[in-house]
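The following exercises concern strand pairing and charged side chains. Please work through each task before reading its solution.

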Amino acid sequence: MRTLSLCQIIVLAGFMLTGCETVQYVQSEVTGTAKPEGGIVESVPRTKQFKASPKAVRQAVLRVLDEQGYIYEENPSTRTIKTEPLLLTEPSKVMFLGASYSAKLFIKLDGSAVTFRAKFNKQSNLTMGEQNIDYPEKENELRKAFFQALASELGQRG
């Protein structure tokens, strides 16, 4: 009877452990219940008013988008900003699980009020890719972080 080395045992245990996670992932992909990591149940309102001039709010919004890594296009006539999709999934997890999520932001500036909406794109090795999906918990998380960063940028409490 052949015995396994310690290294072989560790590798085998790793495969067994990741196998359980992989089975859960495949099941969530097939049933359509897979979601991006994170998110909060707390409902964060889409629009927030800031005590600053519209010009200061606009400049702060653009700085926050830059800091968060978004590439964006601004339409001054409609006072809207649309971002390119930003990858939310860590590259190592994409290779391991086979799905990646990205977020596109849609921001409306109305004076000193900012409205924030997010839509998500999903790329998967197992199912068809999906675009402009709603994930309210993840959107609330992104909105909360964005408004907190914006308040900080404007020197206000979030």
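**Exercise 1. Determine how β5 pairs with β6, and describe the hairpin that the two strands form.**

Step 1. Strand β5 (residues 99-110) and strand β6 (residues 113-124) run antiparallel and are joined by 12 bridges. Strands here are DSSP runs (E, at least two residues) and helices are DSSP runs (H or I, at least four residues), numbered from the N terminus; two strands pair if DSSP finds at least two bridges between them. The model is predicted, so local features need pLDDT of at least 70 and side-chain atom pairs count only at pLDDT 80 or more, while totals for chains, interfaces and linings use all residues. Residues are numbered from 1 along each chain as its sequence is written, and side-chain values use heavy atoms, with hydrogens and water left out.

Step 2. D110 of β5 has A113 of β6 as its bridge partner.

Step 3. Two residues lie between the strands of this hairpin, and G111 takes a positive phi near 65° there.

**Exercise 2. Identify the other pairings of β5 with β3 and β4, and state how much of β5 is covered.**

Step 1. Strand β3 (residues 80-83) pairs with β5 in the antiparallel sense over three bridges. Within this pairing, K82 is matched with F106 of β5.

Step 2. Strand β4 (residues 86-87) also runs antiparallel to β5, through two bridges. Here L86 has A103 of β5 as its partner.

Step 3. β5 is mostly covered, as nine of its 12 residues are buried. Buried means under 20% relative accessible area, exposed over 50%, and partly exposed in between (1.4 Å probe, protein chains only).

**Exercise 3. Describe the surroundings of K104, and establish which side chain of opposite charge is nearest.**

Step 1. K104 is found in β5. This lysine is buried and has no salt bridge, a salt bridge being a side-chain nitrogen of Lys or Arg within 4 Å of a carboxyl oxygen of Asp or Glu.

Step 2. The nearest side chain of opposite charge is that of E84, 8.2 Å away. For this purpose Lys and Arg count as positive and Asp and Glu as negative; His and the chain ends are not counted.

Step 3. The side chain of K104 does make a polar contact with the side chain of N132, at 2.7 Å. A polar contact is a pair of N or O atoms within 3.5 Å; within protein, one must be able to donate a hydrogen and the other to accept it, and residues adjacent in sequence count only if both atoms are side-chain atoms.

Step 4. Leaving aside residues up to four places away in sequence, K104 touches T83, E84, P85, R117, A118, K119, N121 and N132. Contact means heavy atoms within 4.5 Å.

**Exercise 4. For the salt bridges K144–E42, E74–R58 and K122–E130, give the distances and the accessibility of each partner.**

Step 1. The structure holds eight salt bridges, including the one between the side chains of K144 and E42 (3.0 Å, N to O). K144 lies in helix α4 (residues 136-153) and E42 in the loop between α1 (6-31) and β1 (47-49), so this pair ties together parts that are 102 residues apart in sequence. K144 is partly exposed at 30% relative accessibility, as is E42 at 44%.

Step 2. In the salt bridge of E74 with R58, the closest N and O atoms are 2.7 Å apart. E74 belongs to strand β2 (residues 72-75) and R58 to helix α2 (residues 54-67), 16 residues apart. E74 is partly exposed at 27%, and R58 at 33%.

Step 3. For K122 and E130, the closest N and O atoms are 3.7 Å apart. K122 is buried, with a relative accessible area of 2%, whereas E130 is partly exposed at 35%.
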